Amino acid sequence: IVYFGNVRDNKHEEVKVSVMKCSMGSSTTGGSLVVVPKAVRILRPKAVFSVGFCASLNEKKAELGDVVVCSKLITYASIKQEGDMVEERGVKVPLNRDLATLARHIGDGWKPPVKYSTGQKVKPRRGGVFLSGPEVINDRKRRDALIKRYPEATAVEMEGEGN
């Protein structure tokens with residue numbers, strides 16, 4: 001049980017929180033595309049947050065080690081391609097109003113628990129646009145192609161595939 005405080009009227013609301021760990025690969029037996037829908041049916045949560053690693057697509061918006069909070073998720077893998085023409089068929093999902101408010105204030109008063117040995121501070125970054133897909137991207141050419149398709153993107157997550 002977690003207590004969320006309301007700064008304006010100093011009231012606290014009790015909120016139950018469940019934490020689960022999914023396997024690598026979103027569509028594997030223990031992956032997020034399989035596990036999360038089952039958990040949602042059973043637990044009936046008000047919100048689901050995916051926490052994990054992402055790769056920056058824009059170093060000005062997200063640097064190595066930053067905590068990045070997404071305000072919009074875009075699934076990029078679903079396309080229709082005819083010759084050189086690509087029709088995007090992915091889903092663009094913004095946060096609802098309440099979660100958007102929470103995301104805007106996610107780093108307020110936060111003090112990072114670690115620093116890199118170089119002295120670089122870990123910063124919370126909010127308002128990011130995340131790409132979500134099924135592939136692990138470790139190739140400059142593929143990364144650049146995604147940046148060209150989605151110049152507004154901050155980062156790409158590679159395990160949730162839209163969850």
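**Sheet, hairpin and salt bridges in a predicted model**

Q: What is the strand order of the open sheet of five strands?
A: This model is predicted. Its open sheet has five strands, and their pairing is mixed. Read across the sheet, the order is β3-β9-β8-β4-β7.

Q: Which strands stand at the edges of this sheet?
A: An edge strand has a single partner strand, so one side of it is left without a neighbour in the sheet. Two strands fit that description. One covers residues 54-56 and the other residues 92-94. They are β3 and β7.

Q: What is the average twist from one strand to the next?
A: The sheet has the order β3-β9-β8-β4-β7. Going from one strand to the next, the twist averages 40°.

Q: How many bridges join β3 to strand β9?
A: Strands of a sheet pair through backbone hydrogen bonds, either parallel or antiparallel. Here β3 and β9 run antiparallel, with β9 covering residues 155-157. In this pair, A55 stands opposite V156 of β9. The number of bridges joining β3 to β9 is three.

Q: In which sense do β5 and β6 pair, parallel or antiparallel?
A: Strand β5 spans residues 79-82, and β6 spans residues 85-88. Four bridges hold the pairing. Its sense is antiparallel.

Q: Which residue in β6 is the bridge partner of K80?
A: Two positions show how the strands line up. E82 stands opposite M85 in β6. For K80, the bridge partner in β6 is E87.

Q: Which residue in the turn of the β5 and β6 hairpin has a positive phi?
A: The hairpin has two residues between its strands. One residue in the turn has a phi of about 65°. That residue is G83.

Q: Which residue has a positive phi although it is not a glycine?
A: Most residues other than glycine have a negative phi. One residue in the loop between α1 (32-43) and β3 is R44. At 69% relative accessibility it counts as exposed, because the cut-off is over 50%. Its phi is about 50°, so the non-glycine residue with a positive phi is R44.

Q: Is R143 buried or exposed?
A: R143 sits in helix α3, which covers residues 140-149. Its relative accessible area is 15%. Buried means under 20%, so R143 is buried.

Q: With which side chain does the side chain of R143 make a polar contact?
A: Leave aside the neighbours within four places in sequence. R143 is then in contact with S56, L57, E59 and I137. The polar contact between side chains is 3.0 Å, and the partner is E59.

Q: Why are R140 and D144 separated by about one helical turn?
A: R140 and D144 belong to helix α3. Their side chains meet in a salt bridge of 4.0 Å, N to O. R140 counts as exposed at 56% relative accessibility, while D144 counts as partly exposed at 37%. The separation is about one helical turn because the residues are four apart in the helix.

Q: Which residues do salt bridges that share partners join into one network?
A: R140 and D144 meet in a salt bridge. They are four residues apart in helix α3. Shared partners build one network from E59, R140, R143 and D144.

Q: How far apart are the closest N and O atoms of R142 and E135?
A: R142 forms a salt bridge with E135. R142 counts as partly exposed at 25% relative accessibility. E135 also has 25% and counts as partly exposed. The closest N and O atoms are 2.7 Å apart.

Q: Which residue meets E87 in a salt bridge?
A: E87 counts as partly exposed, at 40% relative accessibility. Its salt-bridge partner is partly exposed at 44%. The N to O distance is 3.4 Å, and the partner is R89.

Q: How many salt bridges does the count come to?
A: Among them is the pair E87 and R89. Another is R142 with E135. The count comes to seven.

Q: What pattern does the protein follow along the sequence?
A: The secondary structure comes to three helices and nine strands. Buried residues make up 24% of the 163 residues. Along the sequence, the pattern is β-β-α-β-β-β-β-β-α-β-α-β.

Conventions: Residues numbered from 1 in each chain as written. Predicted model: local features only at pLDDT ≥ 70, side-chain atom pairs only at ≥ 80, totals over all residues. Heavy atoms only, no water. Pairing = 2+ DSSP bridges. Buried < 20%, exposed > 50% of the residue type's maximum accessible area, 1.4 Å probe, protein only. Polar contact = N/O pair within 3.5 Å; in protein donor to acceptor, adjacent residues only side chain to side chain. Contact = heavy atoms within 4.5 Å. Axes fitted to C-alpha atoms, helices over the stretch in contact; angles between N-to-C directions.
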